[in-house]
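Let's take a walk through this protein together. Have the chain open in your viewer and follow along as we go from the overall layout down to individual side chains.

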Amino acid sequence: EICTMKDESKFWQLVKKNTPKIQWTRLESWASYGVPDLLGYHDSCGFFMVELKVQKTTKLHFSPHQRMFHLTRVHRNFILVFEPASRSVKLYPSSAIHDLQLGVARCLALDDWDHIQRLLLAAPLDA
């Protein structure tokens with residue numbers, strides 16, 4: 001099933017609400033193919049990027065540009081996945097993109113917004 005823009009917008013609102021320590025900027029995907037949806041910032045860790053995905057099937061789809069971005073920029077970049085049916089949210093490192101496409105990736109955090117926010121903010125500046 002195809003994810004609609006409405007689904008991703010709802011997910012974006014959920015992210016903003018549940019990660020209050022992070023300053024978010026939502027990026028326009030048409031401006032630069034493959035660039036993640038969100039630019040996050042906090043004084044303690046600097047900038048990082050997050051790709052939002054709404055998952056309605058067992059495997060996730062990424063465009064070739066998205067795959068290239070995540071495979072060539074594995075530090076300070078993440079993929080955040082929401083499953084509407086179970087209301088489940090999972091955080092993955094960019095390096096997990098291949099395993100996500102195969103449906104075999106292990107997440108860094110599951111259904112715990114405090115832990116997700118800590119992991120996003122914990123990535124070191126010199127990673």
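In what order do the elements of the protein run from the N terminus on? The order is α-β-β-β-α-β-β-α-β-α, which comes to four helices and six strands. Keep in mind that what you're looking at is a predicted model. The protein has 127 residues, and 43% of them count as buried.

Let's begin with the helices and how they sit. Take α2, residues 64-72: here Gln66, Phe69 and His70 are buried. These three cover an arc of only 90° around the axis, so they end up on the same side of α2. Swing round to the other side of α2 and you meet Pro64, Met68 and Leu71, which are exposed.

Now jump to α4, which spans residues 113-122. Its buried residues are Trp113, Ile116, Gln117, Leu120 and Leu121. Looking down the axis of α4, you'd find them within an arc of 125°, which means they line one face of the helix. And what does the face of α4 turned away from that buried side carry? That's where the exposed residues Asp114 and Ala122 are.

Helix α3, residues 97-102, gets a shorter stop, at Leu102. With a relative accessible area of 46%, Leu102 is partly exposed, because the cut-off for exposed is over 50% and the one for buried is under 20%. If you draw a C-alpha to C-alpha line from Leu102 to His61, you get 9.6 Å in space, while the two are 41 residues apart in sequence.

Next, the charged side chains. How many salt bridges does a search of the whole structure find? It turns up three. One of them joins Asp7 and Lys56, whose side chains meet at 2.6 Å, N to O. Asp7 belongs to helix α1 (residues 5-18), whereas Lys56 is in the loop between β3 (46-54) and α2, so this pair ties together parts that are 49 residues apart in sequence. The two partners are covered to different degrees: Asp7 counts as buried at 18% relative accessibility, while Lys56 is partly exposed, at 31%.

Helix α1 also takes part in another bridge, this time between Glu8 and Arg26, with the closest N and O atoms 3.3 Å apart. Here, too, distant parts of the chain are linked, since Arg26 is in strand β1 (residues 23-26) and Glu8 in helix α1, 18 residues apart. Glu8 is buried, with a relative accessible area of 14%, and Arg26 is partly exposed, at 28%. The list also includes a salt bridge in which the side chains of Glu83 and Lys90 meet, at 3.1 Å from N to O.

Finally, have a look at the surface. Which residues form a positive patch there? They are Lys6, Lys10, Lys17 and Arg87. To find Arg87, go to the loop between β4 (77-83) and β5 (88-93). Arg87 has a relative accessible area of 57%, so it counts as exposed.

So, if you'd like a short route for a second pass, try this. Start with the one-sided burial on α2 and the buried face of α4. Then trace how the Asp7 and Lys56 pair ties α1 to the loop between β3 and α2, and end at the positive patch, with Arg87 as one of its members.

Definitions and conventions: Residues numbered from 1 in each chain as written. Predicted model: local features only at pLDDT ≥ 70, side-chain atom pairs only at ≥ 80, totals over all residues. Heavy atoms only, no water. Patch = residues over 30% accessible without salt bridge, like charges linked within 9 Å, V, L, I, M, F, W, Y side chains within 5 Å. Areas by Shrake-Rupley, 256 points an atom, 1.4 Å probe, with all protein chains shown as cover. Salt bridge = Lys/Arg side-chain N within 4 Å of Asp/Glu carboxyl O. Lys, Arg positive; Asp, Glu negative; His and termini not counted. Charge placed at Lys NZ, Arg CZ, Asp CG, Glu CD. Helix = DSSP H or I, 4+ residues; strand = E, 2+ residues; numbered from the N terminus. Buried < 20%, exposed > 50% of the residue type's maximum accessible area, 1.4 Å probe, protein only. Arc of directions from axis to C-beta.
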